[in-house]
Amino acid sequence: MTVCAIEPVAGHEDGAGRAGCTITADGGYAARLALAGDSFFPERWTLDGPEPYAVPLPGNQPEEPGTEVQPLGDGRVLIHRRADGRHSFSLLYPAGAGTGELPLGAVACPEEETRLRLLPPAPGGERAYVIAAGRRSTAVWLVAGGARGPERVAEVPGRCSGGVWLDRAGRMLALDREAGGCTKAVVVDLGRGGEVSPLLQISDGSDDRVLLADPDSGLLLIRSDAPSPGSDRLGWGVLGSTLPVRFPECLRLPDCTVTPFAIQPGQMLTPEGCAVALRVDGAAGSWVGVWRPAERKVRHFPAPAGWLTGSGLWTADGALRLPYATRSVPCGVAVLRVPGQERRPEGLAVRPPAAVPDVVGTGERPSGQGESPAGSGELPAGAAPVAYGVSQTLAVPRPVPLQQAPLARLVTN
């Protein structure tokens, strides 16, 4: 059996560090590799209760730093290990005072150059997938939630990276495929045996990648060098729209890497109103940006102390929840609300949020590292999570490619 390397998560591929934890699509659970001394161990966070709490899930020996973990919707945690030339998968769960482990099997890689990694949590929380990107093709494997062990469900010609779910059924998967010297986003239909169709084609020679998608509004966050050859820029479009992709000037921050990590759900038919959370990495460290397509500015907020950097999710009513861990608060969720930006979702039933301190920030970009003065936008360490619910399942039509458009119309707002 040939050993496969572990490929970093999509955010890491794009130039930013990997997220500090992984959160289920519905926001109920999170999982991360926690550190105790010099040893790593899996840890599951419960986020949908009155207050967050963590459950350690240590095995018989410490985990390797490259081990991947992902929560499922039922609270179990999928773990991906590489040992003795094998990529093995197991489900971890609390069992009395210890950790129960259910082995699921292993995936073999046919080529030494193959890179294997977990895809983001699938909608529904019942299944988990990996991609094995080889030199000539990429395999999509179902490693949890199937009838038996790991099962190859799709084979995509070309070497793929990224991975974004486009619908709430966990059927339509966007991947970034290298072909002909450039990278283009394609759609893999897992309900049709891995049928592949184009998704993002801005210009013939551009590299066009999908970073995030919101099934409710159809909002897509993309990265492309089409408007500035040789230099990637952040842009946005709408799934199924015939309008061109736009690349707002406000998303170009000098000497910073900007990575979107969460989109506000529930904004039916109003993609321009969706709030987007941005991870900003610069000389001053990492902080949080908030932007909406309808606006021409990014609002900047210091991250909470101990933020699990690059992780978080929006509630439908406009609260950004950021998980953090400090010595005094080992499992916490800070809540950020941007004044005047609340939007009640259309067609969704939202339970009243728990009583939490709302955070009001100046929106100014942080000038340096360290703690910020009161009132500067830093989130309180004791903030409790906000609970919300969705009352209906939302259907999303099959994606329509975002095709070529004149570059003069792309650089707007």
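## Buried residues and overall make-up

Of the 413 residues in the protein, 54% are buried. The model you are looking at is a predicted one. Its secondary structure comes to 1 helix and 27 strands, so strands are what we will mostly visit here.

Contacts across the sequence are worth a look too. Take the contacts between residues at least 6 apart in sequence: 50% of these join residues at least 24 apart.

## A sheet of three strands

Let us start with one sheet. Here 3 strands form an open sheet in the order 25-26-27, with antiparallel pairing. Strand 25 (313-314) and strand 27 (332-336) are at the edges with a single partner strand each, so one side of each has no neighbour in the sheet. In general, the strands of a sheet pair through backbone hydrogen bonds, and the pairing may be parallel or antiparallel.

How many bridges hold each pair? Strand 25 and strand 26 (residues 320-324) pair over 2 bridges, while 5 bridges join strand 26 to strand 27. Two residue pairs help you find your way: Leu 313 stands opposite Arg 321 in strand 26, and Leu 322 has Ala 334 in strand 27 as its bridge partner.

## Strand 27, from both sides

Is strand 27 buried or exposed? Buried: this holds for 5 of its 5 residues, so strand 27 is largely enclosed by the rest of the structure.

Both of its faces are covered. On one side you will find Gly 332, Ala 334 and Leu 336, and on the other Val 333 and Val 335, all of them buried.

## Empty space beside the sheet

Rolling a probe the size of a water molecule over the atoms shows where empty space is left. In this model the count comes to 2 cavities of 30 Å³ or more, and the largest cavity has a volume of about 40 Å³.

Which residues line the largest cavity? They are Ile 23, Leu 47, Leu 313, Arg 321, Leu 322, Pro 323 and Val 333. Strand 26 gives the largest share of this lining, 3 residues. By class, the lining has 6 nonpolar, no polar and 1 charged residues. Some of these names are already familiar from the sheet: Leu 313 and Arg 321 stand opposite each other, and Val 333 is one of the buried residues of strand 27.

## Ser 217, in a loop

Next, a stop in a loop. Ser 217 is found between strand 18 (208-213) and strand 19 (219-224). With a relative accessible area of 8%, Ser 217 is buried.

The side chain of Ser 217 has polar partners. A polar contact of 2.7 Å joins it to the side chain of Asp 214, and the backbone nitrogen of Leu 219 lies 3.3 Å from a polar atom of the Ser 217 side chain. Leaving aside residues up to four places away in sequence, Ser 217 touches Val 238, Gln 267, Thr 270, Pro 271 and Cys 274.

## Val 153, in a strand

The last stop is Val 153, which lies in strand 13 (residues 151-157). Its relative accessibility is 22%, so Val 153 counts as partly exposed; the cut-off for buried is under 20%.

Val 153 and Val 140 are 13 residues apart in sequence, and their C-alpha atoms are 5.8 Å apart in space. Apart from residues up to four places away in sequence, Val 153 touches Tyr 129, Val 140, Leu 142, Leu 190, Gly 193 and Gly 194.

Conventions:
Residues numbered from 1 in each chain as written. Predicted model: local features only at pLDDT ≥ 70, side-chain atom pairs only at ≥ 80, totals over all residues. Heavy atoms only, no water. Pairing = 2+ DSSP bridges. Helix = DSSP H or I, 4+ residues; strand = E, 2+ residues; numbered from the N terminus. Buried < 20%, exposed > 50% of the residue type's maximum accessible area, 1.4 Å probe, protein only. Polar contact = N/O pair within 3.5 Å; in protein donor to acceptor, adjacent residues only side chain to side chain. Contact = heavy atoms within 4.5 Å. 1 Å grid on protein atoms, 1.4 Å probe; cavity = no way out; pocket = protein on both sides within 12 Å on 5 of 7 lines; lining within 4 Å. Points joined across faces, edges and corners; volume = space filled by probe spheres on them. Nonpolar A, V, L, I, M, F, W, Y, C, P; charged D, E, K, R; others polar.
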